[in-house]
Amino acid sequence: MPQDFEEIYAVHLEHVWRFVRARVPGQADAEDLTSESFARALGAWRGYDSRRGSVRVWLLGIARHVVADWWRQRTAESRLEDASDAVVHGGSEPEAEALAALTMQEVRGHLANLTDRERDAVALRFGAGLKAAEVGAALGVSETAARMLVYRAVSKLRSVVNHD
Amino acid sequence: MTDGFDSSEAGAALQLDRAIESVASGGEAPGVDAQTRALIQALLVTRRTDPAPALREGVRAALRAAAHERVWLPARLAAAVLALAFVGQGVGSLLFGRWVATNLHIVFDPHLLFESGVALLALGGVVMAGALTRRLVGVALAAGAPVGLAFAVHGLPELAEFPAGGALHLSQGVAALALALLWVRARRYVSRRAAK
């Protein structure tokens, strides 16, 4: 493994992990897909061009494809089943975290109502913590379009949560 | 800039974006209602999710395995070329023996050409196995490289009287030499990594 890639992996593991975790219901699957994302990135590392965007956005773009491939192999039915089994770990304030985690589980169940692009935008903005401009760069759209994707996704989620 | 979006919707999106940033940094959510704020908080849970310590080692192992595979690729490619050259010669001996003998100005011996053709196909198969399976690259090297080099040395003079045959032997020699050098390079890389 090239030395520079080792550093990149060390710095960006958490961002990629959080994005994948936000897009995939199971913890074990998220771990596998995170590993797969970095393995693919290593293969493509020589082709990375810093003029075309930051390493973080590039890595998240690869992770997005890995997650998309994974989802393609699953039916919409199994998506919902997996979502109901999801468990969220981590955090620093136990009570608030437990409450928020419960809500996140509920929200996960509703993510199936979003388009793939909206789910990606939500995972990049909320999970990986990218700014709207970076979400746009990762998805190949403008900053405004990225904000709109997140806005529409949140509006849809709000409406389905309300409906319940 | 609204990029062609409805300006009121773009304004609401901008407001939501600011609210996300504010809630993420532990602040209030200006301009959004309590329900949207709760939704933002729920969605932000993933951002506070730390990867399990085992994941770091898992990714490192996956990267090591991927790097290991990649470092052997050039040697495997050379093995594939060498295998195809052997198979080509084997097929030539089996199907076009008379043409080969005529061009080399030797007596056509079907028995000899049949047996050498079968042997070359078998050798090509062994070398191709090394091209397809990383663990067998060493076997491909041991079986194929000496034969490839020997054919090249022995067959080079053919270039003048039978260019097709000479070129085939030359390609076998080049592929055999490349396989040997690339195998050594990959071995050294792997040993260096293991020492670290």
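**Group meeting: how chains A and B pack**

I start with one helix pair in this predicted model. Helix 2 of chain A and helix 3 of chain B, residues 53–95, have axes that come within 9 Å and cross at roughly 35°. The crossing is right-handed.

Which residues meet there? From helix 2 of chain A, the list is A:Glu31, A:Thr34, A:Ser35, A:Phe38, A:Ala39, A:Leu42 and A:Gly43. Facing them in helix 3 of chain B are B:Leu55, B:Gly58, B:Val59, B:Ala62, B:Leu63, B:Ala66, B:Ala67 and B:Arg70. By class, the residues of this contact are nine nonpolar, four polar and two charged.

Now the whole contact between the chains. Chain A puts in 41 residues and chain B 37 residues. On the side of chain A that touches chain B, two or more residues come from each of helix 1, helix 2, helix 5 (94–110), helix 6 and helix 8. Helix 8 gives the most to that side, with 10 residues. The classes on that side of chain A are 23 nonpolar, 11 polar and seven charged.

Next, the interior. The largest nonpolar core has 57 residues, and A:Phe19, A:Val20 and A:Leu60 are among those with the most contacts inside it. Both chains supply helices to this core, including helix 3 (55–72) of chain A and helix 1 (7–24) of chain B. Helix 8 of chain A gives the most to this core, with nine residues.

What does A:Ala63 touch, leaving aside its neighbours within four places in sequence? A:Ala63 is in contact with A:Val16, A:Phe19, A:Val20 and A:Ser37.

Apart from the largest core lies another, of 25 residues, among them B:Ala75, B:Leu82, B:Phe86 and B:Ala176.

How values were computed: Residues numbered from 1 in each chain as written. Chains lettered and ligands numbered in written order. Predicted model: local features only at pLDDT ≥ 70, side-chain atom pairs only at ≥ 80, totals over all residues. Core = buried A, V, L, I, M, F, W, Y, C linked by C-beta atoms within 7 Å. Buried ≥ 20, exposed ≤ 12 C-beta atoms within 10 Å, placed from the backbone. Helix = DSSP H or I, 4+ residues; strand = E, 2+ residues; numbered from the N terminus. Contact = placed C-beta atoms within 7 Å. Nonpolar A, V, L, I, M, F, W, Y, C, P; charged D, E, K, R; others polar. Axes fitted to C-alpha atoms, helices over the stretch in contact; angles between N-to-C directions. Left-handed = near helix turned anticlockwise from the far one by under 90°.
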